[in-house]
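Subject: Structure for you to look at

Hello,

Here is the structure I said I would pass on. My notes on what turned up in it follow below.

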Amino acid sequence: RPFWPSHLHGYFPMSHDVCKYAAFFINAIAFADFHTLATIALYLAAGQRRKLRRRDALITLSMVWVWSLGISCLPFYGLMGEFGFDAAMGKCHIINCDTDQAIFPAGAVVLSFGVGIPCIVLIVSYAVLIYRMAMSGNI
């Protein structure tokens with residue numbers, strides 16, 4: 001568990017904006033990591049043998065980052081939850097708001113798009129790759 005200044009003070013000693021931006025960048029980078037891994041796994045599972053050209057790789061990575069930043073913007077602008085300090089957890093992350101009215105908590109929706117879907121893509125892609133290797137006798 002990362003060490004936050006709130007562990008010493010019991011509250012976040014910096015401004016709300018610092019907490020909001022820190023949570024935004026932490027989530028955006030994590031989402032981009034998961035989506036990049038899922039994109040590479042999907043590319044390999046689709047049976048692509050050739051290397052990506054530099055232009056195609058740049059376009060693909062740009063799309064991954066735009067998608068990841070877009071997901072992170074939902075709580076940043078308060079469209080689905082919001083980034084803020086959670087005293088119970090002791091860190092800045094997605095705080096659910098209006099959970100009584102929502103069918104799904106906002107944090108769960110954002111995290112499912114940012115982490116859940118890429119994990120499912122990774123599991124399925126690697127299962128396909130392992131199956132192909134087993135059928136070819138390389139395992």
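**The nonpolar core**

The largest nonpolar core has 10 residues in all: Cys19, Ala23, Phe24, Phe31, Ile71, Phe76, Phe83, Cys92, Ile94 and Val110. At least two of these residues come from each of α2 (16–45), α3 (54–76) and β2. The most, 4 residues, come from α2. As background, nonpolar side chains in soluble globular proteins tend to be buried together.

One member of the core, Val110, touches Phe31, Ile71, Leu74, Pro75, Met80 and Ile94, leaving aside residues up to four places away in sequence.

**Confidence and overall layout**

Please keep in mind that this is a predicted model. The mean pLDDT of the protein is 80, and 83% of its residues reach 70 or more. Among the elements, α3 has the highest mean pLDDT, at 90, and helix α1 (residues 6–9) the lowest, at 55.

There are 4 helices and 2 strands, and from the N terminus on they run α-α-α-β-β-α. Of the 139 residues in the protein, 27% are buried. The accessible surface comes to about 9400 Å², and carbon and sulfur atoms account for 68% of that. Among contacts with a separation of 6 or more, 64% are between residues 24 or more positions apart.

**Helices α2 and α3**

Does the length of each helix fit its residue count, and what is the expected span? For α2, 30 residues at 1.5 Å a residue should span 44 Å, and the end C-alpha atoms are 43 Å apart, so the two values agree. For α3, 23 residues should span 33 Å on the basis of 1.5 Å a residue, and the end C-alpha atoms are 32 Å apart, which also agrees.The buried residues of α2 are Cys19, Ala23, Phe24, Asn27, Ala28, Phe31, Ala32, His35, Ala38, Ala41 and Ala45. Those of α3 are Asp56, Val64, Ser68, Ile71, Ser72, Pro75 and Phe76. A glycine with positive phi follows α2, namely Gly47, near 85 degrees. Gly78 follows α3, and its phi is positive as well, near 80 degrees.

**Two buried residues to look at**

Asn27 lies in helix α2. Asn27 counts as buried because its relative accessibility is 12%, under the 20% cut-off. Leaving aside residues up to four places away in sequence, Asn27 touches Ser72, Phe83 and Leu111. Of these, Ser72 is among the buried residues of α3, and Phe83 belongs to the largest nonpolar core.

Gly114 is found in helix α4 (residues 106–136). Its relative accessibility is 0%, so Gly114 counts as buried. Gly114 touches Phe31, Phe34, His35 and Ile71, again not counting residues up to four places away in sequence. Gly114 and Ile71 are 43 residues apart in sequence, and their C-alpha atoms are 6.8 Å apart in space.

**The hairpin**

Strands β1 (residues 82–86) and β2 (residues 91–95) run antiparallel and are joined by 5 bridges. Within this pairing, Gly84 has His93 in β2 as its bridge partner. The hairpin has 4 residues between the strands, and Gly90 takes a positive phi there, near 75 degrees. The strand β2 is also one of the elements that supply at least two residues of the core.

Regards

Technical notes
Residues numbered from 1 in each chain as written. Heavy atoms only, no water. Pairing = 2+ DSSP bridges. Core = buried A, V, L, I, M, F, W, Y, C linked by side-chain atoms within 4.5 Å. Buried < 20%, exposed > 50% of the residue type's maximum accessible area, 1.4 Å probe, protein only. Contact = heavy atoms within 4.5 Å. pLDDT = per-residue confidence, 0-100. Expected span 1.5 Å × (residues − 1). Areas by Shrake-Rupley, 256 points an atom, 1.4 Å probe, with all protein chains shown as cover.
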